[in-house]
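Good morning, colleagues. I would ask you to look at the structure on the screen while I take you through its main parts.

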Amino acid sequence: MIMSAYQPVTPEIIALLQSAVGADAVTTAPAELQLHAKDQSHHAAHLADVLIYPTRAEQVSSVLKIAHQHCIPVTAWGVGTGLEGSAIPVFGGISISFEKMNQIVKIYADDFQVTVQPGIGHKDLNAILARQGLFFAPDPGANATVGGMLANNASGIRTVKYGASKDNVLKMQVALADGTLIDVGSRSVKQSSGYDLLHLFVGSEGTLGIITEATLKLVPVPSLMSAVVAAFETVEAAVETVVAVRGSGLDPAALELIDAAHCHMLRETEGVDLSDHPTLFMEFHAAHETTLQAGLEAVQAICQEMGALSFRATTDTTERKKLWHARHHSYEIMVRSHPNYHFFIMDVAVPISAYPALIGYVEQLKRESSVIAYMIGHAGDGNIHVEFPFADEAEYERCMVLNGLIIEKALELGGTITGEHGVGMGKAVYMAKEHGPALEVMRAIKQTLDPKGILNPGKLFID
Ligand SMILES: Cc1cc2nc3c(=O)[nH]c(=O)nc-3n(C[C@H](O)[C@H](O)[C@H](O)COP(=O)(O)OP(=O)(O)OC[C@H]3O[C@@H](n4cnc5c(N)ncnc54)[C@H](O)[C@@H]3O)c2cc1C
């Protein structure tokens, strides 16, 4: 257990920070603290005492040295799109925003790699890489920072083909709790020298160290892409099709489940040609036209065999982009459709064969309760997001009961309490159930790397 008696951020501490990183990089302006007090989750806001805007790793190191010496909490902030409260500075102290540490350090086009500062948005990065015919594949939809993505091990719609953030990073520079800068991993795609520290820091939500630089794996932009939309009478038929597509050896670059309610909202607001039925959005990538067409014919045969009500495939870039634009904005569209509601989005993931059982269970809970809930998910990865609008405390409590039941079901099916949103504040209570004695190993690692417990306290562990 980590015992800490955090010290307040006094005017003397502010002065120390200003002399270490420059007065311009330090602010206590209430409006700026407010902007960094809450991410996109349903968790309550909390203000940091001081906000730092570093531009260089050495500044991050200096801030941590001061924080470590004076026992002050430090929470990293990417761009606050997290959905489990992991960037909220619940113990106050110092928040480090990576907004200004957002440069590309070097593109290694011949190695399909790029080294970046952590504050760069993955969409901004991909806009630049596109000029070289390359892209960084993980895509959580929101313009999350690379640092936030690595800290949460974010995934997204293309993970089914290209993997999660952890699969697309080779090397990182990390500032430890005492400010020491270390390099973990290697630009060599193979490395078997010692413990895999790189992946210890990936997914650690800023609780073990702060990422100050990352070298990412890139892939060539595919020469041919197609989008497929297939609607089904029931959500069960749609998810059985997901299992069939995955089992067929086809290699979708995206395989998403959109429930009937979302399809309705996307048609009404974005003009996407969808019916009010559970629908699969898919994408396929290929280097040759014949390969692409053969894949599309195979997926059409599977969908028809599984009873699809409709099947549409397109290689038209505008239509494909419109579809994915709508999918990416489905959350905002849902929020706009419920003007007086708050939202919380939960995610769990299970092995693909258990996906129909998980989705069937969520459908059953929806039928048996009075709670409003929508489903959208990275079905190809066995990952589902259940979205709960709530208007008051009583509704929130009812959603939380369903949230708990879905988490328990995912674990019973051999899955995990979170596929991609991370543990943050909301899932900490379930960590022991998922990890058992392994949670004590995690605590021991935390104690070793952060003995004073200053890095992002209040996350991952319930005490
Ligand atoms: C509409 C919407 C859709 C989303 N869809 C997806 C999805 O499909 N897949 C998915 O995985 N996620 C999704 N998310 C969640 C979110 O985008 C991811 O969790 C993302 O990784 C958060 O990145 P961020 O830059 O906003 O980080 P923040 O939310 O600011 O921070 C997230 C965590 O990273 C830590 N952190 C930030 N920078 C650093 C650093 N340099 N070093 C160490 N720790 C750091 C923070 O302390 C915090 O613990 C979605 C969110 C929204 C709002």
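How do strand β12 and β14 pair, and over how many bridges? Strand β12, residues 224-231, and β14 pair in the antiparallel sense over 8 bridges. Please bear in mind throughout that this is a predicted model.

Let me remain with β14 for a moment. S226 has F284 of β14 as its bridge partner. Strand β13, residues 254-258, is also joined to β14, by 5 bridges, and these two run antiparallel. In this pairing, A254 has E283 of β14 as its bridge partner, and L257 has L280 of β14.

Is β14 enclosed or open? Of the 8 residues of this strand, residues 279-286, 8 are buried, so β14 is largely enclosed by the rest of the structure. The general rule is that side chains in a regular strand alternate between the two faces of the sheet. In β14 both faces are covered. On one side T279, F281, E283 and H285 are buried, and on the other L280, M282, F284 and A286 are buried as well.

We may now place these strands in their sheet. It is an open sheet of 7 strands in the order β15-β12-β14-β13-β17-β18-β16, and its pairing is antiparallel. At the edges are β15, residues 310-314, and β16, residues 342-349, each of which pairs on one side only. From one strand to the next the twist averages 15°. Helix α11, residues 317-328, packs on this sheet and touches β12, β13, β14 and β15. The direction of α11 makes about 60° with that of β12. Helix α14, in turn, lies across β16 and β18, and runs at about 5° to β16.

There is another sheet to consider. This open sheet has 4 strands in the order β1-β2-β4-β3, with mixed pairing. Its edge strands are β1, residues 26-27, and β3, each pairing on one side only. Between β1 and strand β2, residues 50-52, the pairing is antiparallel, over 2 bridges, and T27 has L51 of β2 as its bridge partner. Helix α3, residues 57-70, lies across β2, β3 and β4, running at about 170° to β4.

I turn next to the ligand. How many residues surround the ligand? There are 36, and the closest are G78, G82, G147, G148 and G206. At least two residues of this shell come from each of β3, α5 and β10. The most is given by α5, with 5 residues. By class, the shell holds 16 nonpolar, 17 polar and 3 charged residues.

Now, the domains. The chain is divided into domain 1, 104-220, domain 2, 224-331, and domain 3, 338-426. The C-alpha centres of domain 1 and domain 2 lie 29 Å apart. Where these two domains touch, 5 residues of domain 1 are in contact with 7 residues of domain 2. On the side of domain 1, those residues divide into 2 nonpolar, 1 polar and 2 charged.

Finally, I draw your attention to V429. This residue is in the loop between α14, residues 393-412, and α15, residues 431-435. V429 has 14 C-beta neighbours inside 10 Å, and therefore counts as partly exposed. From V429 to T318 there are 111 residues in sequence and 44 Å in space, taken C-alpha to C-alpha.

Thank you for your attention.

Technical notes
Residues are numbered from 1 along each chain as its sequence is written. This is a predicted model: local features need pLDDT of at least 70, side-chain atom pairs count only at pLDDT 80 or more; totals for chains, interfaces and linings use all residues. A residue is near a molecule or strand if its C-beta atom, placed from the backbone, lies within 6 Å of it. Ala, Val, Leu, Ile, Met, Phe, Trp, Tyr, Cys and Pro count as nonpolar, Asp, Glu, Lys and Arg as charged, and the others, Gly among them, as polar. A residue is buried if 20 or more other C-beta atoms lie within 10 Å of its own, exposed if 12 or fewer, and partly exposed in between; C-beta atoms are placed from the backbone. Two strands pair if DSSP finds at least two bridges between them. Axes are lines fitted to C-alpha atoms, for helices over the stretch in contact, and angles run from 0 to 180 degrees between N-to-C directions. Domain bounds come from an automatic or database domain assignment.
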